[in-house]
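Visitor: I am new to this structure and would like to go through it in questions and answers. Please show it to me before we begin.

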2 protein chains.
Amino acid sequence: MGGAGPRRRATLADVAARAGVHPSLVSRVLRNDPSGYASSDTRERIRRAALELGYRANDAARGLRSSRMMALGLLLPGFSSPVYSAIAHGVEERADERGYGLVIGTHAAGDPHEAITDMVMRGRVDALLVASGRIEDQALRRLVRRLPESLVLVNRQVKGVAASVVLRDSDAAALAVRHLAELGHRRIGAVFGPRTLDTMVRRRRGFVHECTRLGLEPVVTEMDGRDHGAGFRGALRLLDAAGPPTAVVAATFPVAVGMLSAFHERGVAVPAGMSVVSLHDDAVADYLVPRLTTVMLPAARLGAEAVDLALSLIDGAAPRRVVVPDPPRLISRNSTTAL
Amino acid sequence: MGGAGPRRRATLADVAARAGVHPSLVSRVLRNDPSGYASSDTRERIRRAALELGYRANDAARGLRSSRMMALGLLLPGFSSPVYSAIAHGVEERADERGYGLVIGTHAAGDPHEAITDMVMRGRVDALLVASGRIEDQALRRLVRRLPESLVLVNRQVKGVAASVVLRDSDAAALAVRHLAELGHRRIGAVFGPRTLDTMVRRRRGFVHECTRLGLEPVVTEMDGRDHGAGFRGALRLLDAAGPPTAVVAATFPVAVGMLSAFHERGVAVPAGMSVVSLHDDAVADYLVPRLTTVMLPAARLGAEAVDLALSLIDGAAPRRVVVPDPPRLISRNSTTAL
DNA sequence: CTGTTAGCGCTTTCAG
DNA sequence: CTGAAAGCGCTAACAG
């Protein structure tokens, strides 16, 4: 379109002057405010003027006036985990659809409690999605007391915090067990992360419960992490146990990768000598050796639902607990086989 | 610390009233404004009042008044790629150190051009870091014309856009070649992504140049992507070529993983029958089968440098081209061996 | 259908 | 060392 833009950014007053109307009318028309019924001629003039000047409303002014910044905060433990990437993606997409911006915070350094409180206390964001296990329950409860209408837990539940969105983690673990049982495995192992993470608690519960239900012997190992290293060491521990399992469930995708590595190092063939199922799917599953059987959970949708819940809170709805209904789905690849 | 906080968020006026001074003085003292020299008694009263009320400055008001939102925008192609995760991490950390917030945008949907222009045009962020290859050079040039002091390219260079930060991609590729050559390989293959990505162009240049310099025969394959699938298909193509290589360089980490998978499927043992080096390292490298030799590039530092450059632009410095000086480092694992 | 008025909460002159 | 006044750009009543 036109040449070099003007020095100063165009304001509402500039648009109003150019269109020959009052600023407030411009505001109403440009926002499609119901009270902004202008003659279609005027509307047209305003629209054209705004376009010609490349007008963009100033978010700070708008936010100050309306006390709505049209932004959500997302607190992540980091960017590395594939699940959190998926969640972030889902959050971003839905927030965008709903016209909201996304402010990201991780908390590798500094006091996470302070940092996140600030985002909403300073009015930078209208609500906060907490998708991190690192903040203690205690801190979260204190937080929600101060910000009851603007805190949503993602992939986590904490007693005393009503607004949360989780997946069917327990069902996913049960499905993994069922798959293995159907293949004839009777002695099934599992590597879980620490009990301080409630996803781990729920997955573990589903695992143990389903084993019990089917009359199988669960061989559970709890590690202090849930990354590749934890999987590697957990697999070794399983192998060294009295009566090692013939099949294993990995609490997370990285854990599964670590286990694959450990089995290879110990000369245990997968799936011939050991079947492996991962909880949560990942794009790389198709390119591992062997291709990894997984239980897919809708992580991106988890993020989207969290956004919806947060926006409903902003609109005054009561906090509630959401379980994303999509059932876990088994994606059978080459890391599992009949006993 | 005390009981339930007040209904309404405390404002500067509230603090001033409680401390018995004028709001403007509170503002100056709390910001350590040089013109805010107050008697240490007054300072103390103000500080205490602010603390007691749990005062937090309103970012919208502050931003409106000072036209500095203390926030940076980061435009990513998505959250999936490990390199972009690392960049995001570096950006977030440094921005935080410098007191800046981080607004994330991806652009799976919608017109990316519009979306990013808006972030800064609306004053939501003070500058934009573009770490995405998906926006066309043309669009970027147009953009920088309108926002000369607030656009920084990350991991990318575009003619006409002065502010950019990149890594020593070319040197990394050369280092990979050198490593392979030292192991006695003479016929070295490589799988690169599309030439539309300038990282690919630079890595390819380094690869070809170093091969030539050492008198080796480069066998280059260009794919339309740079993910696992591209690596898989690229490896197959290399294998089917007349006179296949004995060693390969992968343009990205995911490409290397895809190649590993393809070699396994074709019964080509790594490293016995084929050596593999990846450009860029990743935490999972130690858990692949075999453990993957990589050339590490400081992706997180790339993000940090981009933040520094952006803030310098905001402060009025001239745009400049930064090459993160850290030399690429070979991390020798088990996917490469002497011929 | 359109204009007026007021003010969100803060920073920034300028006085004193 | 501290106070007063003005206003950033916008939206939200209320008039007309």
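Visitor: Which backbone atom of B:L12 lies by a phosphate oxygen of DNA strand C, and how far apart are the two?
Guide: This is a predicted model, and B:L12 is one of the residues that come nearest to DNA strand C. The atom in B:L12 is a backbone N or O, and its distance from a phosphate oxygen of the strand is 2.4 Å.

Visitor: Which base atom of DNA strand C is 2.6 Å from the side chain of B:R65?
Guide: B:R65 is also listed among the residues nearest to DNA strand C. Its side chain places an N or O atom 2.6 Å from the strand, and the partner there is a base oxygen.

Visitor: What share of the atoms of DNA strand C within 4 Å of the protein do sugar and phosphate account for?
Guide: There are 24 residues around DNA strand C, including A:H22, B:Y55 and B:R62. One phosphate contact involves A:T42, which has a polar side-chain atom 2.8 Å from a phosphate oxygen. Among the strand atoms that come within 4 Å of the protein, the share of sugar and phosphate is 58%.

Visitor: Which residues come nearest to DNA strand D?
Guide: DNA strand D has 24 residues around it. Of its atoms within 4 Å of the protein, 60% belong to sugar and phosphate. The residues that come nearest are A:L12, A:S27, A:Y55, A:R62 and A:R65.

Visitor: Which elements give two or more residues to the surface near DNA strand D?
Guide: Chain B meets this strand at a base nitrogen, 3.2 Å from a side-chain N or O atom of B:S24. Another base nitrogen distance, 3.0 Å, is to a side-chain N or O atom of B:R65. The elements are α2 (23-30) and α4 (59-66) of chain A, and α2 (23-30) and α4 (59-66) of chain B.

Visitor: How many salt bridges does the rule find across the interface of chain B and chain A?
Guide: The contact takes 52 residues from chain B and 51 residues from chain A, and the buried area is about 4500 Å². One salt bridge joins B:D59 to A:R124, with their closest N and O atoms 3.2 Å apart. Across this interface the count of salt bridges is 6.

Visitor: Which element gives the most residues to the side of chain B that touches chain A?
Guide: The interface holds 18 residue pairs in polar contact, both residues at pLDDT 80 or more. Elements of chain B that give two or more residues to this side include α5 (82-97), β2 (101-106) and α11 (253-265). The one that gives the most, with 6 residues, is α4(B).

Visitor: How many charged residues are on the side of chain B that touches chain A?
Guide: The residues of this side fall into three classes. Nonpolar residues number 24 and polar ones 16, and the charged residues number 12.

Visitor: How far apart are the centres of domain 2 and domain 3 of chain A?
Guide: The domain assignment gives domain 2 as 69-166 + 319-323 and domain 3 as 169-296. Taken over C-alpha atoms, the distance between their centres is 29 Å.

Visitor: Which helix gives the most to the side of domain 2 of chain A that touches domain 3 of chain A?
Guide: The area buried between these two domains of chain A is about 650 Å². Between them the count of salt bridges is 0, and the rule finds 1 residue pair in polar contact. With 3 residues on the domain 2 side, the helix that gives the most is α5 (residues 82-97).

Note on methods
Residues numbered from 1 in each chain as written. Chains lettered and ligands numbered in written order. Predicted model: local features only at pLDDT ≥ 70, side-chain atom pairs only at ≥ 80, totals over all residues. Heavy atoms only, no water. Near = heavy atom within 4 Å. Polar contact = N/O pair within 3.5 Å; in protein donor to acceptor, adjacent residues only side chain to side chain. Helix = DSSP H or I, 4+ residues; strand = E, 2+ residues; numbered from the N terminus. Contact = heavy atoms within 4.5 Å. Buried area = accessible area lost by both parts, 1.4 Å probe. Salt bridge = Lys/Arg side-chain N within 4 Å of Asp/Glu carboxyl O. Nonpolar A, V, L, I, M, F, W, Y, C, P; charged D, E, K, R; others polar. Domains from an automatic or database assignment.
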